[in-house]
Amino acid sequence: MDSNLPKLRTVNKSVPPYPLNKFPKDFPYKIGEQLIYILATRGEVDIEGKEWESIFGKSIGADWTPSVVGLDDIRMGNTAWGAKSILNKKPSTVTNIRLISGRNDLINSYNYNVQPGLFPEEHGEKVLNIYNARVSAIREKFQHLRTIILIRSKSLSECVIYEVDAIRYDPELFYWKWNGKNLYGYYKADNVQKFTWQSGGQQFTIFESVPKERLVLNLRKPEVVSKDFVLDKVGFSNDWITVTKLI
């Protein structure tokens, strides 16, 4: 073989945009500027899931397409993210969180007769199967599936950001107990609670530990820009408004 021939480049199509929780260097500043813009134009207002999805998507240059499932609303190449936003008085001190992961409706999915207090293992396995099926369906399209989490103070002065892989859970690792109309799932290995499922609203919650490797942002509160200042800067006048009289 001719050693002078150029070598073929091998491309690993499974490589994500960046390693898990190793955000680009400018990422915290892009997040911070969007949050400070919100504070400057709207004052101390809270932000929730959909707005956090949009902020994160813009910060990494990804597409934001809200969906019903909510596990893959943010997309870039071979990677998709779901986003969760959690309110806490002091985000940097939080060690455990609860992530609401949608409705796992046993009636719609299985035509199953939900019976609170009875057959906990059977109920629990079906609850997990619904979640696992959603993750599997998305992983058929995206090789990497993550959840980007924001823990925020109400004033947005302190925020914690990190991401985790969205995984399927092996039902064999858990056991289930009823507590009234709520079904709790525990690890068999250490009896630590991992899930809650509410039989009334079918809401499924996953308990997660906050990793030590996380991004902590502390933001200086800006002065709120007045409405008149903004309108003057954009050159607003009344002829921007068309009034149609409705009879």
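This report describes the helices, strands, salt bridges and pockets of a predicted model.

## Helix H4

Helix H4 covers residues 120–139, a run of 20 residues. From its first C-alpha to its last, H4 reaches 29 Å, close to the 28 Å expected at 1.5 Å a residue.

Several positions of H4 are buried, among them His123, Gly124, Val127 and Leu128. Ile130, Tyr131, Asn132, Val135 and Ile138 are buried as well. An α-helix has 3.6 residues a turn, so residues three or four places apart point the same way. Tyr131 returns in the account of the second largest pocket, where it is among the residues that lie nearest the centre.

## The open sheet

Six strands form an open sheet in the order S1-S2-S3-S5-S6-S11, and their pairing is mixed. Its edges are S1 and strand S11 (215–218), each of which pairs on one side only. Strands of a sheet pair through backbone hydrogen bonds, either parallel or antiparallel.

One pairing in this sheet joins S2 and S3, which run in the antiparallel sense and share three bridges. Ile74 stands opposite Trp81 in S3.

## Salt bridges

Across the whole structure, a search finds eleven salt bridges. Side chains of opposite charge can pair when their charged atoms come close. Three of these contacts are described here, beginning with Arg152 and Asp46, whose side chains meet at 2.6 Å, N to O. This pair links distant parts of the chain, 106 residues apart: Arg152 belongs to strand S5 (residues 144–152), while Asp46 is in the loop between helix H1 (27–42) and helix H2 (49–60). Arg152 counts as buried because its relative accessibility is 4%, a value under the 20% limit for that class. Asp46, with a relative accessible area of 28%, is partly exposed.

A salt bridge at 3.3 Å, N to O, joins the side chains of Asp73 and Lys50. Asp73 lies in the loop between strand S1 (63–64) and strand S2 (74–76) and Lys50 lies in helix H2, so the pair ties together parts 23 residues apart in sequence. The relative accessible area of Asp73 is 0%, and this residue is buried. Lys50, in contrast, is partly exposed, with a relative accessible area of 42%. Both residues also belong to a network of salt bridges that links Lys50, Glu53 and Asp73.

The side chains of Glu208 and Lys194 meet in a further salt bridge, at 3.4 Å, N to O. Glu208 is in strand S10 (residues 203–209) and Lys194 in strand S9 (residues 193–198), so the contact ties together parts that are 14 residues apart in sequence. Both Glu208 and Lys194 are buried.

## The largest pocket

Rolling a probe the size of a water molecule over the atoms shows where empty space is left. The largest pocket has a volume of about 400 Å³. It is lined by 22 residues, and the closest to its centre are Gly70, Ala83, Lys84, Ile100 and Gly102.

H2, strand S3 (79–87) and strand S4 (96–103) each supply at least two residues of this lining. S4 gives the most, with six residues. By class, the lining of the largest pocket is made up of nine charged, seven nonpolar and six polar residues.

## The second largest pocket

About 190 Å³ of space lies in the second largest pocket. Its lining has 18 residues, and those nearest its centre are Tyr131, Asp165, Ala166, Tyr169 and Glu208. Glu208 thus appears both at this pocket and in the salt bridge with Lys194.

S3, S4, strand S6 (158–165) and S10 each give two or more residues to the lining of the second largest pocket. The largest share, three residues, comes from S3. Ten nonpolar, four polar and four charged residues make up this lining.

## An exposed loop position

Glu172 is placed in the loop between S6 and strand S7 (174–179). With a relative accessible area of 58%, Glu172 is exposed. The C-alpha atoms of Glu172 and His144 are separated by 24 Å, and the two residues are 28 residues apart along the chain.

Methods. Residues are numbered from 1 along each chain as its sequence is written. This is a predicted model: local features need pLDDT of at least 70, side-chain atom pairs count only at pLDDT 80 or more; totals for chains, interfaces and linings use all residues. Side-chain values use heavy atoms; hydrogens and water are left out. Helices (H or I, at least four residues) and strands (E, at least two) are DSSP runs, numbered from the N terminus. The expected span of a helix is 1.5 Å times one less than its number of residues. Buried means under 20% relative accessible area, exposed over 50%, partly exposed in between (1.4 Å probe, protein chains only). A salt bridge is a side-chain nitrogen of Lys or Arg within 4 Å of a carboxyl oxygen of Asp or Glu. On a 1 Å grid over the protein atoms alone, a cavity is a set of points where a 1.4 Å probe fits but cannot get out, and a pocket is an open set with protein on both sides within 12 Å along at least five of seven lines; lining residues have an atom within 4 Å of a point. Grid points are joined across faces, edges and corners, and a volume is the space filled by probe spheres set on the points. Ala, Val, Leu, Ile, Met, Phe, Trp, Tyr, Cys and Pro count as nonpolar, Asp, Glu, Lys and Arg as charged, and the others, Gly among them, as polar. Two strands pair if DSSP finds at least two bridges between them.
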